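This report looks at charged side chains and how they pair. Please keep the sequence and the structure at hand while reading.

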Number of protein chains: 2
Amino acid sequence: MGDDCAVVPIPRGHQALITTDFSLEDVHFRRGWHPADSVGHRCLARGLSDIAAMGGEPLAVFLSLALPRKLPQSWVDGFLHGLLKLARNFRVILAGGDTAQSAGGVMADIVALGSVPKGKAVLRSGARPGDRVYVTGELGASAVAIDLLSRGEEIRPRDFPRHFHPMPRIEVGRFLREKKLASSMVDVSDGLSTDLGHICEESRVGAVIEGDAIPLAMVGKSERKVDLRFALHGGEDYELLFTAAAARNVPSRIAGVKVREIGVITRGRRVWIRNKDGVKQEFQPQGWEHFKK
Amino acid sequence: MGDDCAVVPIPRGHQALITTDFSLEDVHFRRGWHPADSVGHRCLARGLSDIAAMGGEPLAVFLSLALPRKLPQSWVDGFLHGLLKLARNFRVILAGGDTAQSAGGVMADIVALGSVPKGKAVLRSGARPGDRVYVTGELGASAVAIDLLSRGEEIRPRDFPRHFHPMPRIEVGRFLREKKLASSMVDVSDGLSTDLGHICEESRVGAVIEGDAIPLAMVGKSERKVDLRFALHGGEDYELLFTAAAARNVPSRIAGVKVREIGVITRGRRVWIRNKDGVKQEFQPQGWEHFKK
């Protein structure tokens with residue numbers, strides 16, 4: 001801080017990883033739904049999850065923040081508290097940024113800088129026919145929280161931690177890169193159907209997913225399982241979706257996080273989902289629109 | 001593009017430089033005043049100028065862009081044309097970014113990534129008593145353009161190139177760093193009085209500036225000199241302000257850009273400006289508010 005740029009040492013033999021993500025009021029969050037610390041946490045989680053998806057090490061983050069004139073200072077304090085708490089968790093420094101007044105709502109742009117050993121970043125384009133498809137954790141918790149909020153239900157952040165305080169899977173991404181296990185990887189930010197589509201498109205392959213194998217999140221005070229549709233298409237779970245050669249032994253738990261095999265990569269360019277009776281239907285990406293208005 | 005992060009190789013033995021800058025409608029530009037290509041150009045120039053001020057080499061830029069729903073596509077095309085043309089000029093790639101819909105006006109956040117040999121970045125904190133103070137080019141052209149626009153005058157971009165299409169001083173910054181000439185440096189984005197204040201504050205020194213030595217910009221069709229006040233306090237000139245030890249021989253022209261000695265660094269912590277009669281008065285930073293409303 002204090003100079004025109006931040007100077008960040010990149011470890012010897014590493015390349016820089018950079019990602020930028022907007023978090024916009026009424027698109028990615030609502031002030032009436034999300035406590036300020038959750039907005040700050042989720043803003044940073046988006047950036048760190050992108051670093052995780054490349055198998056990278058986060059180094060520093062930069063925050064550009066446009067705020068409406070009438071926003072209470074306590075909201076800004078809460079936002080920064082949530083963001084900095086998550087940053088400390090991964091020993092990432094907030095190394096700079098910019099502030100301005102917004103004519104609309106709160107707009108935050110997070111820039112995450114990380115590094116990865118030269119040539120070792122896990123890309124979306126490395127999946128090969130026969131590779132198995134895996135996902136970490138459980139899916140659908142974030143989408144079901146949005147669904148409940150949009151129907152006017154009051155939910156408690158502690159009952160929906162994967163929505164309000166998602167933890168980016170940095171350690172899992174690092175393990176998969178270090179062990180050279182993942183042939184391709186992406187984070188589940190747009191939803192399984194869309195993000196699997198990203199891997200298949202970049203790798204020029206298709207996939208068959210077993211509907212039964214999808215890990216459904218348990219949510220709420222009563223710990224009920226989410227509907228399959230939330231796990232298939234809901235975004236912002238920030239789990240990792242990756243592929244690995246069939247011969248590789250992928251642990252069922254990495255860095256304390258469950259890892260589930262959910263399908264296989266195919267030569268054909270289409271993506272299918274098969275139900276427990278063996279009936280296949282095409283698995284169309286369904287764009288995750290943040291809040292259906 | 002196509003992956004969760006951009007992977008950027010940092011040259012061996014270099015550190016990464018990062019800077020982020022907002023360009024906001026009605027704060028940094030007005031659509032009625034600035035052609036779209038000028039807005040795109042100036043947006044990128046802000047970021048590259050920060051890299052120049054550290055003596056860095058620009059590598060890649062990232063653009064986060066929030067656009068109002070009704071914005072014509074031709075405006076976006078013009079904006080990108082201006083930005084990409086300047087990027088090509090410095091062989092910088094647009095390596096990623098994010099887009100969103102804005103509830104207010106156009107909001108662009110530019111992230112510039114550069115590099116500098118390890119430990120060689122020129123900081124604001126290196127000025128020492130006795131060092132001479134230098135500035136590149138001429139000052140005040142940008143502020144006078146804003147002044148004319150705000151008074152309803154129509155001005156042509158080609159008569160005010162330093163306002164509409166400022167060229168970041170990358171080559172000058174590189175030369176000063178390579179030759180180890182500059183002991184401290186900043187770009188003149190907030191105005192001479194404010195930016196000199198930044199150097200003095202970070203270096204814990206003061207300065208005496210010779211009012212007569214300030215290079216006044218020539219502007220307009222008739223090439224008249226700007227008033228001194230625009231050169232002293234006007235922002236967004238994107239020239240370089242630097243200090244060098246008295247014993248060092250600083251060329252009067254670097255990479256085709258004039259370099260002018262304008263004062264000296266002092267032990268006392270205050271900053272003075274002296275007129276041609278030798279009368280000193282305190283040189284107070286006057287915050288450059290973009291458009292005085």
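A salt bridge is counted here when a side-chain nitrogen of Lys or Arg lies within 4 Å of a carboxyl oxygen of Asp or Glu. The model is predicted, so that local features need pLDDT of at least 70 and side-chain atom pairs count only at pLDDT 80 or more, while totals for chains, interfaces and linings use all residues. Residues are numbered from 1 along each chain as its sequence is written, chains are lettered from A and ligands numbered from 1 in the order in which they are written, and side-chain values use heavy atoms, with hydrogens and water left out.

Over all chains, a search of the whole structure finds 32 salt bridges, among them the three in the table.

| Pair | Closest N to O |
|---|---|
| A:Glu261 and A:Arg132 | 3.6 Å |
| B:Glu57 and B:Arg174 | 2.8 Å |
| B:Arg169 and B:Glu239 | 2.9 Å |

Burial is graded by relative accessible area (buried under 20%, exposed over 50%, partly exposed in between, with a 1.4 Å probe and protein chains only). A:Glu261 is partly exposed at 40%, and A:Arg132 is partly exposed at 28%. B:Arg174 also counts as partly exposed, at 27%, whereas B:Arg169 and B:Glu239 are both buried. In chain A, a network of salt bridges links A:Glu57, A:Arg174 and A:Arg177.

The two chains superpose by a rotation of 180 degrees with 0.0 Å of shift along its axis (RMSD 0.0 Å), fitted by least squares on the C-alpha atoms of residues with pLDDT of at least 70 in both. That is the relation of a two-fold axis.
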